[in-house]
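Reader: I'd like to go through this model and ask what stands behind each label. Can you take me through it?

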Amino acid sequence: MSSTVAFIGLGHMGAPMAANLVKAGHRVLGFDLVPDLLAASAAAGVEPAASAADAAAEADVVITMLPAGRHVLGLYREQGLLAAARPGTLFVDCSTIDVADARTAHEAVVAAGHRALDAPVSGGVVGAEAATLTFMVGGGAEEFAAAEYLLAAMGKKAVHCGAAGAGQAAKICNNMILAVSMIGVSEAFVLAESLGLDHQALYDVASTASGQCWALTVNCPVPGPVPSSPANHDYRPGFAAPLMAKDLGLAANALRAGGVDAPLGYKAAELYAAFAEGEGAGLDFSAIVRTLRPQNGT
Ligand code: NAD
């Protein structure tokens, strides 16, 4: 099935996702506030639109890939996007935003006579380019079924997580696990160093014992045991620390809103916020191990 898709937000993630929709045979009308990004996507077969509303007016499906909730809500509420779209248009927001904002966005779309899904992704720019993203989707079952063929053109897996906001909820819960486990693995390596225990020896035990987790066996924060991990490549991301800090900020908002007592989640958010603003700005999130060593050594 070939559709006309409006794709709003052609940044690091949106540009390759839109290009993959073109490759899959869809007509893609693109818009970004940055003219150079629009031009770059045009070279990949995306038709540049004069505005987001112009793109939406002709589309069956409107996909947004924007920095934060305020951008999504601003576009939906203030910039005429919902009014411009044909009744029943499917709005799929792939940005990572607050659960509360996602629910508000969903309500605004439905109130305007359209259909909505939140569908944040994991897999990063590499996954966006290779069309191997995982989508975590919130919204109705019918809407999910209606979007699956498009998600399949941009990713390898789409999980229907529940009602509006459930996709964003799954994303921040998963990334809170990841952050806490990365800090735990990093602290264990630093403790091993202070005890004279070799990195490889700890890895050989923990990777096949109860300490096993993705932060250890795929994204190992010290060089050596897992040659493909960012630690072996000057901590080039990977999953950049500022993106982890952003997701943990969203998790902390949700923890506060729900009155959930999560000492490790809050602490992880605090540590990653400080790291992302400082030396971690351009590094993979696993580089946080450097800040955990005595005197901040490397
Ligand atoms: P980005 O900043 O590269 O792209 C966002 C784009 O949105 C920018 O090009 C910006 O100009 C555009 N934009 C903002 N407001 C707009 C508006 N009103 N109309 C049109 N365009 C507008 O960000 P990104 O790295 O592509 O990330 C996008 C989203 O995906 C974020 O929510 C991020 O948290 C999430 N995400 C990113 C990654 C990653 O590895 N980069 C991984 C998973 C999820």
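What follows is a chat about the terms used for this model and the values behind them.

Author: Two ground rules come before your questions. This is a predicted model, where local features need pLDDT of at least 70, side-chain atom pairs count only at pLDDT 80 or more, and totals for chains, interfaces and linings use all residues. Residues are numbered from 1 along each chain as its sequence is written.

Reader: What is the mean pLDDT of the protein, and what does pLDDT stand for here?

Author: It's the predictor's confidence in each residue, from 0 to 100. The mean for the protein is 96, and 99% of its residues reach 70 or more. For the complex, the predictor gives an ipTM of 0.99 and a pTM of 0.95. As a general caution, where pLDDT is low, the predicted coordinates should not be read in detail.

Reader: What makes strand 1 count as largely enclosed?

Author: A residue is buried if 20 or more other C-beta atoms lie within 10 Å of its own, exposed if 12 or fewer, and partly exposed in between, with C-beta atoms placed from the backbone. Four of the five residues of strand 1 are buried, so the rest of the structure largely encloses this strand. As for the word "strand", helices (H or I, at least four residues) and strands (E, at least two) are DSSP runs, numbered from the N terminus.

Reader: How do you know that strand 1 pairs with strand 2?

Author: Two strands pair if DSSP finds at least two bridges between them. Strand 1 (residues 4-8) and strand 2 (residues 27-31) are joined by five bridges and run parallel, so they pass. Alanine 6 stands opposite leucine 29 in strand 2. Between these strands the chain passes through helix 1 (residues 14-23), and this β-α-β crossover is right-handed. That word means that, with the strands pointing away from the viewer, the path from the first strand over the helix to the second runs clockwise.

Reader: Which strands does strand 4 join by bridges?

Author: Four bridges join strand 4 to strand 1, running parallel, and four more join strand 4 to strand 5 (residues 90-93), also parallel. Alanine 6 has valine 62 as its bridge partner in strand 4, while threonine 64 stands opposite aspartate 93 in strand 5.

Reader: What makes both faces of strand 4 covered?

Author: Val61 and Ile63 sit on one side of strand 4 (residues 61-64), Val62 and Thr64 on the other, and all are buried.

Reader: Which way do strands 5 and 6 pair, and what about strands 6 and 8?

Author: Strands 5 and 6 pair in the parallel sense over four bridges, with leucine 117 as the partner of valine 92. Strand 5, helix 6 (residues 99-111) and strand 6 make a right-handed β-α-β unit. Strand 6 and strand 8 (residues 133-139) are antiparallel, with two bridges. Here leucine 117 partners glycine 139.

Reader: Why is alanine 131 called partly exposed, and tyrosine 235 buried?

Author: Alanine 131 has 19 C-beta neighbours inside 10 Å, so it counts as partly exposed. Tyrosine 235 has 24 such neighbours, so it counts as buried. The phi of alanine 131 is positive, about 55°, and that of tyrosine 235 is positive too, near 60°. In general, most residues other than glycine have a negative phi, and most peptide bonds are trans.

Reader: Where is the cis peptide bond?

Author: It joins proline 237 and glycine 238, with omega about 15°. Glycine 238 is in the loop between helix 11 (214-217) and helix 12, and tyrosine 235 is found in the loop between helix 11 and helix 12.

Reader: Which residues come nearest the ligand?

Author: Gly9, Gly11, His12, Met13 and Thr96, out of 25 around the ligand. A residue is near a molecule if its C-beta atom, placed from the backbone, lies within 6 Å of it. Helix 4 (69-78), helix 7 (124-130) and helix 12 (241-258) each give two or more residues to this shell.

Reader: How do the residues of the shell divide?

Author: There are 15 nonpolar, eight polar and two charged. Ala, Val, Leu, Ile, Met, Phe, Trp, Tyr, Cys and Pro count as nonpolar, Asp, Glu, Lys and Arg as charged, and the others, Gly among them, as polar.
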